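Let's walk through how some helices sit against each other in this model. Have the sequence and the 3D view open side by side as you read.

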Amino acid sequence: MEITNVTEYQEIAKQKLPKMVYDYYASGAEDQWTLHENRFAFTKILFRPRILIDVSKIDMTTTVLGFKISMPIMIAPTAMQKMAHPEGEYATARAASAAGTIMTLSSWATSSVEEVASTGPGIRFFQLYVYKDRNVVAQLVRRAERAGFKAIALTVDTPRLGRREADIKNRFTLPPFLTLKNFEGLDLGKMDKADDSGLASYVAGQIDRSLSWKDVKWLQTITTLPILVKGVLTAEDARIAVEAGAAGIIVSNHGARQLDYVPATIMALEEVVKAAQGRVPVFLDGGVRRGTDVFKALALGASGIFIGRPVVFSLAAEGEAGVRKVLSMLREEFELTMALSGCRSLKEITRDHIVTEWDSPHPRPAPRL
């Protein structure tokens, strides 16, 4: 069967992967209300397309932290990709590079920063969890720098792991033939079997619950790399992030895997964008499955989006070719959405190109040309 959209990869992944692995990738926290909402909220935004505009040439290129990429669609950090496919993060890195976009490598990758760098050229960011042992953190950041990574995406929504009931039921743990490669030499690469989720126990033992804004400052003293704060959902925290020296903000609810009943990221986006006041770029992850979703995020002020689950599901289904296909399908859908909305470049995508359920009852009058 020919795959014609990103979502179709999920069912293939479900059939191919062991239940423990599929459930780890697919599930959210507790009732999974936010997991559903991350997708559903996009249906509350409709288009106000402009017609009779020459859309024979469309430019989707953009710049992120000074790096030119082919489109505002990037790869979010997802852990343990070799559970999905033997080539894991190597395949994802090659697919991102071929598409001319950015890959973010997870701290909990099953391939190290050095191994991913060895796949060849590409713009890569490194997602960081802050361990209790700050020497481990400093060492990891230095290794990412040396391996040519261009930014740190600091995850700030995980002082404790969210309650993911599928992982508890399955007694989730990293398969014995895999390790968290970045921590292998530090004796932190293995995850013990536990009475609940092995990952939850690992996080409880290793990740620092005392993490605070002062640590964002500390991170800036140990690296010159720009820091993206990943996991912001409110205007208040957006303002503090800017003041703390963040180079950018990622509006994220951790794929709905942390605190259930937080809003969908697309619902939280505009509040954060307004608070940032253009001082730093704001990005979005969570729930993007269509080119129309990408357009909606940009219309609400995002500078770009990151995709997570579509990467691991396509990786499970077809390896590197699957990830390439996801990126090309999203690219083509986004280009079509731009054309049919009358936008020839990203700067032409405005708030007036959409109407949301939370706008005033009547669509805003079109601006005078």
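Contact here means heavy atoms within 4.5 Å, and helices (H or I, at least four residues) are DSSP runs numbered from the N terminus. This is a predicted model, in which local features need pLDDT of at least 70 and side-chain atom pairs count only at pLDDT 80 or more, while totals for chains, interfaces and linings use all residues. Residues are numbered from 1 along each chain as its sequence is written, and side-chain values use heavy atoms, with hydrogens and water left out.

Let's start with helix H8 (residues 198-206), whose buried residues (under 20% relative accessible area, 1.4 Å probe, protein chains only) are Gly 198, Leu 199, Tyr 202 and Val 203. These cover an arc of only 135° around the axis, so they lie on the same side of H8. The arc is taken from the directions from the helix axis to the C-beta atoms. Helix H2 (19-26) is included in what covers them.

Now for two helix pairs, with axes fitted to C-alpha atoms over the stretch in contact and angles running from 0 to 180 degrees between N-to-C directions.

| Pair | Axis distance | Angle |
|---|---|---|
| H6 (residues 134-146) and H9 (residues 213-222) | within 10 Å | roughly 50° |
| H12 (residues 291-299) and H13 (residues 309-341) | 7 Å | about 60° |

The angle makes H12 oblique to H13 (oblique being what is left after under 35 degrees, over 145 and 65 to 115). On the H12 side, the contact residues include Val 294, Phe 295 and Leu 298, and on the H13 side they include Leu 330, Phe 334 and Met 338.

Technical notes: Helix = DSSP H or I, 4+ residues; strand = E, 2+ residues; numbered from the N terminus. Buried < 20%, exposed > 50% of the residue type's maximum accessible area, 1.4 Å probe, protein only.
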